[in-house]
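Reader: I should be grateful for a close look at a single part of this structure. Please begin with the surroundings of the ligand and then follow the connections from there, giving the reasoning where a conclusion depends on it.

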Amino acid sequence: MRIDFENSPTHEVLEAKLAEFAQRLADCDVVILSDYGKGGLTHIGDMIRLARAAGKTVLVDPKGEDYARYAGVNVITPNRAELREVVGRWRDEADLRQRVEKLRTELGIDALLLTRSEEGMSLFTADGVVNEAALAREVYDVSGAGDTVIATQAVMMASGVDLADAMRLANHAAGVVVGKLGTAVCTLDELRAS
Ligand SMILES: Nc1ncnc2c1ncn2[C@@H]1O[C@H](COP(=O)(O)OP(=O)(O)OP(=O)(O)O)[C@@H](O)[C@H]1O
Ligand SMILES: [Mg+2]
């Protein structure tokens, strides 16, 4: 049994981390902000502004109900439950598309990449929606699949791959890791083979 006793990070810690972020930004092509809702991203607005001002691509794995804090990033990658918390329950695909488009334009975000577990994923942009079916032949362990998606999407975008092609590759990488036990990685060879 594991019990976590959690405290919010102090003002001093957050200030130091923000300074470190600003300093290390120059060495990065792309920034991934994975929001666990534990206070580490209290200054996410400043982090996004700094990164975007430096011309960096920013991707966010969101959490909670307040997506205004992610305004201006390039991509957010909610799963179904996370998106439902923000836009409500959708009736069908057309309804989903409308709700996402409203959110996307309100926040000034290029793309919303919805990960849909066994249903694969959908990419919503100004050009419309692209769907990819899940690829896993056999599913052993889905933990960490969302991390694989945002990591692959980010690396591909940093390499100059366009949004939709990056999403296809991210879907392949997710298909590889859910076929392994535990939180697993997808190697470049495995991604090529897939
Ligand atoms: N049961 C499944 N069958 C096939 N593919 C899956 C399955 N679950 C997840 N995947 C793949 O992994 C991707 C991400 O999964 P999911 O939508 O569950 O992310 P998540 O809830 O953020 O995961 P995490 O637990 O890492 O936070 C999916 O878009 C899909 O490509
Ligand atoms: Mg997730």
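Author: The element that contributes most to the shell around ligand 1 is α5, with four residues. The model is a predicted one. In it, 21 residues surround ligand 1, and the closest of them are N79, T115, A145, G146 and A174. Two or more residues of this shell come from each of α5 (145-158) and α6. Sorted by class, the shell comprises nine nonpolar, nine polar and three charged residues.

T115 offers a way from the ligand into the sheet, for this residue is listed among the closest to ligand 1 and also belongs to strand β4. That strand covers residues 111-115; five of its five residues are buried, so β4 is largely enclosed by the rest of the structure. Its side chains divide into two sets: A111, L113 and T115 point one way, while L112 and L114 point the other way, and all are buried. In a regular strand, the side chains alternate between the two faces of the sheet.

β4 takes its place in an open sheet of six strands, ordered β1-β2-β3-β4-β5-β6, in which the pairing is mixed. The edges are formed by β1 (30-34) and β6 (128-132), each of which pairs on one side only. On one side of β4 stands β3, paired with it in the parallel sense over two bridges; there V75 has A111 of β4 as its bridge partner. β3 (residues 75-76) is in turn joined by two bridges to β2 (residues 57-61), again in a parallel arrangement, and V60 has I76 as its bridge partner in β3.

The pairing of β4 with β5 (residues 121-125) is antiparallel and runs over four bridges, with L112 opposite F124. These two strands form a hairpin, with five residues between them. S117 lies in that loop, and its phi is near 45 degrees, a positive value in a residue other than glycine. Most residues other than glycine have a negative phi. Is S117 buried, partly exposed or exposed? Because 16 C-beta neighbours lie inside 10 Å, S117 counts as partly exposed; for the class of buried residues, 20 or more would be required.

The two sets of β4 side chains also lead to the nonpolar core. The largest such core has 41 residues, among which V58, V73, L112 and L113 touch the most other members. The greatest contribution to this core comes from helix α6 (residues 163-177), with eight residues. In soluble globular proteins, nonpolar side chains tend to be buried together. Once neighbours within four places in sequence are set aside, L113 is in contact with V75, T77, M121, L123, Q153 and M167. α6 therefore has a part in two settings, since it gives the most to the largest nonpolar core and two or more residues to the shell around ligand 1.

Helix α1 provides a contrast to the enclosed strand β4. None of the 14 residues of α1 is buried, and the helix is hardly covered. At 1.5 Å a residue, α1 (residues 11-24) should span 20 Å, and the end C-alpha atoms are indeed 20 Å apart, so the two values agree. E6 is placed in the segment before α1 and counts as exposed because 6 C-beta neighbours lie inside 10 Å.

How values were computed
Residues numbered from 1 in each chain as written. Chains lettered and ligands numbered in written order. Predicted model: local features only at pLDDT ≥ 70, side-chain atom pairs only at ≥ 80, totals over all residues. Core = buried A, V, L, I, M, F, W, Y, C linked by C-beta atoms within 7 Å. Buried ≥ 20, exposed ≤ 12 C-beta atoms within 10 Å, placed from the backbone. Contact = placed C-beta atoms within 7 Å. Near = placed C-beta within 6 Å. Nonpolar A, V, L, I, M, F, W, Y, C, P; charged D, E, K, R; others polar. Expected span 1.5 Å × (residues − 1). Pairing = 2+ DSSP bridges.
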